[in-house]
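Dear colleague,

Please find below the sequence and the structure that I am handing over to you. A short account of what was found follows them.

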Amino acid sequence: MNIGIVEILNDEEVKRVEQGVFDCVHLWKQRQNWHPKNDLRDGVADIEKYMHYATLGATLYMDASGKGWSYYENHKNITNRVLNLKFDWVYHKLIEALMPHIGICSYEPDLALPGFHIYQFDDALSPKKHHRCLHIDGQFFYALKFLKEKYGKVIDIKDPLSFTFTITRPHRGSAIGFWGLPQELKEKAEELQKKYPHEIIKRYQNVDYVKEIKHQHAIERPWKYNLFRADCGNLEKYIPKIIPHTPGNSFFYTGMIIHQMILGDQFKKGDTRITLQGHGIKINGQYKLFW
Ligand SMILES: O=C(O)CCC(=O)C(=O)O
Ligand SMILES: [Fe+2]
């Protein structure tokens with residue numbers, strides 16, 4: 001288990017990636033089934049007016065799980081070609097930056113390349129905090145059958161990897177929230193917060209936010225997490241660690257850790273949250289990366 005941040009792109013390079021994402025707009029997929037409106041229990045009906053969600057790239061959990069392997073493969077074949085043409089230099093820099101932390105790794109050639117989560121916002125003046133549900137990354141699950149057939153029994157699912165490489169963030173910031181971190185990683189998270197401070201930390205890292213999450217029952221599956229039980233006890237102990245996202249940097253972690261995407265709040269028209277998202281699993285002792 002580990003968490004960290006690597007610095008990858010300068011401002012000019014970040015702009016180039018942002019432009020590249022917009023150049024590929026014809027390949028974006030609007031993800032109605034995965035729109036944050038589906039996470040809300042108390043019907044904030046206007047969220048679709050100010051939050052637009054799309055992806056660029058194929059994903060195991062949206063495409064392979066929902067529509068089957070051959071749909072995923074077809075979509076992946078198209079998007080991998082384009083992503084490679086446009087962003088090969090970014091994939092290269094990303095892997096170079098990650099390797100000192102996670103060892104030798106490579107993109108799994110038969111799966112979809114890490115791709116982009118794209119949120120675009122219009123004015124949203126209410127102070128409502130926007131986030132996705134708490135979850136544990138299990139994207140690799142949908143590729144296990146395929147990977148076992150390809151590689152045999154050398155797959156180690158105990159220490160999966162995830163990274164979120166930020167290209168843009170809304171003007172009030174965005175972040176990733178970690179829940180129930182072991183003490184040692186809490187300390188590491190605090191070091192990262194000192195190194196990359198942002199106002200967003202205090203807005204979300206507090207007991208009121210814990211109350212909101214509990215009230216909304218914002219957990220993706222009926223996983224067991226004590227916060228959502230009636231006898232959960234004092235809420236203080238659940239306060240998450242909020243790691244702000246910084247354009248040009250990638251956050252990464254290994255292990256099964258409960259986390260959530262913090263989208264932000266009080267968006268202004270023109271705000272975006274674009275991230276290059278990927279996951280990895282150890283095969284023959286080396287991480288293979290995919291989305
Ligand atoms: O965008 C983020 O901050 C986290 C994304 C995430 O958790 C996911 O894609 O599984
Ligand atoms: Fe995740």
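**Surroundings of ligand 1**

Eight named residues need not be searched for by eye: ligand 1 is surrounded by His-117, Asp-137, Thr-164, Ile-176, His-259, Met-261, Thr-275 and Gln-277. Please bear in mind that the model is predicted. Sorted by class, this shell contains 2 nonpolar, 5 polar and 1 charged residues. Strands β11 and β12 (272–283) each contribute at least two residues to the shell.

**The sheet that contains β11**

Strand β11 also belongs to an open sheet of 4 strands, arranged in the order β6-β11-β8-β9 with antiparallel pairing. At its edges lie β6 (129–131) and β9 (241–244), each of which pairs on one side only. On average, neighbouring strands here are turned by 35° against each other, direction ignored. As general background, the strands of a sheet pair through backbone hydrogen bonds, either parallel or antiparallel.

Between β6 and β11 (residues 258–265), which run antiparallel, there are 3 bridges. His-131 has Ile-262 in β11 as its bridge partner. Helix α6 (residues 183–195) packs on the sheet and touches β8 (175–179) and β9. The direction of α6 makes about 35° with that of β9.

**Helix α3**

Which residues of helix α3 (residues 60–67) are buried? They are Leu-60, Met-62, Asp-63 and Ala-64. These buried residues pack against α4 (69–102). After α3 comes Gly-68, which has a positive phi, near 95°.

Yours sincerely,
A colleague

Methods: Residues are numbered from 1 along each chain as its sequence is written. Chains are lettered from A and ligands numbered from 1 in the order in which they are written. This is a predicted model: local features need pLDDT of at least 70, side-chain atom pairs count only at pLDDT 80 or more; totals for chains, interfaces and linings use all residues. Two strands pair if DSSP finds at least two bridges between them. Axes are lines fitted to C-alpha atoms, for helices over the stretch in contact, and angles run from 0 to 180 degrees between N-to-C directions. Two residues are in contact if their C-beta atoms, placed from the backbone, lie within 7 Å. A residue is near a molecule or strand if its C-beta atom, placed from the backbone, lies within 6 Å of it. Ala, Val, Leu, Ile, Met, Phe, Trp, Tyr, Cys and Pro count as nonpolar, Asp, Glu, Lys and Arg as charged, and the others, Gly among them, as polar. A residue is buried if 20 or more other C-beta atoms lie within 10 Å of its own, exposed if 12 or fewer, and partly exposed in between; C-beta atoms are placed from the backbone.
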